[in-house]
Amino acid sequence: MPVPLRLIEAFFEGDKGNLKGQIKEDLGIENIQEYTIGNSCMLRILIDSGDSQKVIDALEARLKNEKDFGIVILPAEGSVPKIETSEINAKSKVDEEEIPVWKQPFRKGTSISREELYTDIADTVSLSPIQLVMVVLSAIVAAIGLIRDSSVVLIGAMVIAPMLGPNVAMSFSICLGDFDLFLKALKANLLRIFVAFFFSFIIGFFIDLSSLSQEILSRTILHISDILLALSAGTAAALSYTTAVSEGFIGVMVAVALLPPLTASGLLLSSGYIEYGLSALGLFLLNIVCINFATMITFFLQDIRPKKWWELEKAKGALKKAFLLWSIMLSIMALIVIFLF
């Protein structure tokens, strides 16, 4: 698979001497141009996306105190001539060797900078009306699929269900110790969950569920394989943001674990099937715990963390508390699944 490219533009006012030469020497980059207009300066660097974080950190360290300093990161479809990256990769080899062996499989696949990742994930926690409309539509379609016992209709619901972003954002914000982003993600997640459950609950009042379809019944039985499914979905969700994996396909995988049991619980509870409804709700809660636990661990293994030391300490504390909380909840629910189902 070809490595994605990034065009990094750094601009500032003032004289930084031979900044271009310093970056070349420190990182071994050749694809760099420098422009000066009056008192304004700009550097343009074309680099592999996997190496963009090193360049961004190096530029920020040198320019953070300059007037009107800024960095813009742009995706690049290609270059002529083809970009050569052997020098910076050679200089990065020492850093890779310092990574523990158990982390390396996750770190080597990372191909996006911290700043890009933050922007991508923060955009998913919107509370805009269109997002809520999509939740309503996905809940309605999922309810129809469950009632008609149609897996095809269910897949359609999961394609349009915006359930991926807020769960990924919660784990991402914990790894960064960003409590503002965490609160936004939590609000978005709870609101989408409530809307999906509410509309499925209302639909249950207007339909006859005298006979339960196989699709509904399958969401009332918890199995140890459900834990493995949800953990896999959570890991894939985190990887979809940090690598070139399509977020659309992974979003469907996450929705598979969340939307059908949530919708089934609403339908069953409003139709009087209390025991079945609580079982479906339990499956939903089990899946959401597993997904958040897996995404958090995956981001940790990929070394997603803040750069400043005081933010790093705050993030470590948040990560430990979240790890303990999710571990306890997952252990309790796993024991329930093993001994009661």
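Colleague: Is Asp 303 buried, partly exposed or exposed?
Modeller: The model is predicted, and its accessible areas are computed from it. Asp 303 has a relative accessible area of 21%. The limit for a buried residue is under 20%, and exposed begins over 50%. Asp 303 therefore counts as partly exposed.

Colleague: In which loop is Asp 303 found?
Modeller: The backbone of Asp 303 has a positive phi of about 60°, although the residue is not a glycine. In the chain, Asp 303 sits in the loop between helix H13 (274–301) and helix H14 (309–340).

Colleague: Which residue meets the side chain of Asp 303 in a salt bridge?
Modeller: The N to O distance in this salt bridge is 3.3 Å, and the limit is within 4 Å. The partner is partly exposed at 41% relative accessibility. Its name is Arg 305.

Colleague: Which residue in the loop between helix H6 (129–147) and helix H7 (151–160) has a positive phi?
Modeller: The phi there is about 60°, and the residue is not a glycine. At 38% relative accessibility it counts as partly exposed. The residue in that loop is Asp 149.

Colleague: How many salt bridges does a search of the whole structure find?
Modeller: One of them joins the side chains of Arg 219 and Glu 215, at 2.4 Å from N to O. Both Arg 219 and Glu 215 are buried. Another joins Arg 6 and Glu 116, at 2.5 Å from N to O. The search of the whole structure gives 4.

Colleague: How many residues apart are Arg 6 and Glu 116?
Modeller: Arg 6 is buried at 12% relative accessible area, and Glu 116 is buried at 13%. Arg 6 belongs to strand S1 (residues 5–13), whereas Glu 116 belongs to helix H5 (residues 114–122). The pair thus links distant parts of the chain, and the separation is 110 residues.

Colleague: What is the order of the strands in the open sheet?
Modeller: S1 pairs with S3 through 9 bridges and with S4 through 8 bridges. S2 is joined to S3 (residues 40–48) by 6 bridges. The pairing is antiparallel, and the order of the 4 strands is S2-S3-S1-S4.

Colleague: Which strands stand at the edges of the sheet?
Modeller: A strand at an edge has a single partner strand, so one side of it is left without a neighbour in the sheet. Within the sheet, the twist averages 15° from one strand to the next. The edge strands are S2 (32–37) and S4 (67–76).

Colleague: Which residue in S3 stands opposite Phe 11?
Modeller: Other opposite pairs in the sheet include Leu 7 with Leu 74 in S4 and Ile 37 with Ser 40 in S3. S1 is mostly covered, with 7 of its 9 residues buried. Opposite Phe 11 stands Met 42.

Colleague: Which helix lies across S1, S3 and S4?
Modeller: Helix H1 (residues 19–27) lies across S1, S2 and S3, at about 165° to S2. The helix across S1, S3 and S4 spans residues 52–63 and runs at about 5° to S1. That helix is H2.

Colleague: Which helix gives the most residues to the largest nonpolar core?
Modeller: Nonpolar side chains tend to be buried together in soluble globular proteins. The largest core holds 71 residues, and those that touch the most other members are Leu 117, Ile 121, Phe 172, Leu 286, Met 296 and Phe 299. With 11 residues, the top contributor to this core is H13.

Colleague: How many residues are in the other core that lies apart from the largest one?
Modeller: Among its members are Leu 27, Ile 32, Cys 41 and Leu 59. This core is separate from the largest one, and its residue count is 17.

Colleague: What percentage of the protein chain do buried residues make up?
Modeller: The chain has 14 helices and 4 strands. Its accessible surface is about 17200 Å², with 64% belonging to carbon and sulfur atoms. Of the 341 residues, the buried share is 47%.

Definitions and conventions
Residues are numbered from 1 along each chain as its sequence is written. This is a predicted model: local features need pLDDT of at least 70, side-chain atom pairs count only at pLDDT 80 or more; totals for chains, interfaces and linings use all residues. Side-chain values use heavy atoms; hydrogens and water are left out. Helices (H or I, at least four residues) and strands (E, at least two) are DSSP runs, numbered from the N terminus. Buried means under 20% relative accessible area, exposed over 50%, partly exposed in between (1.4 Å probe, protein chains only). Two strands pair if DSSP finds at least two bridges between them. Axes are lines fitted to C-alpha atoms, for helices over the stretch in contact, and angles run from 0 to 180 degrees between N-to-C directions. Contact means heavy atoms within 4.5 Å. A nonpolar core is a set of buried Ala, Val, Leu, Ile, Met, Phe, Trp, Tyr and Cys residues joined through side-chain atoms within 4.5 Å. Accessible areas come from the Shrake-Rupley method with a 1.4 Å probe; for residues, only the protein chains shown count as cover.
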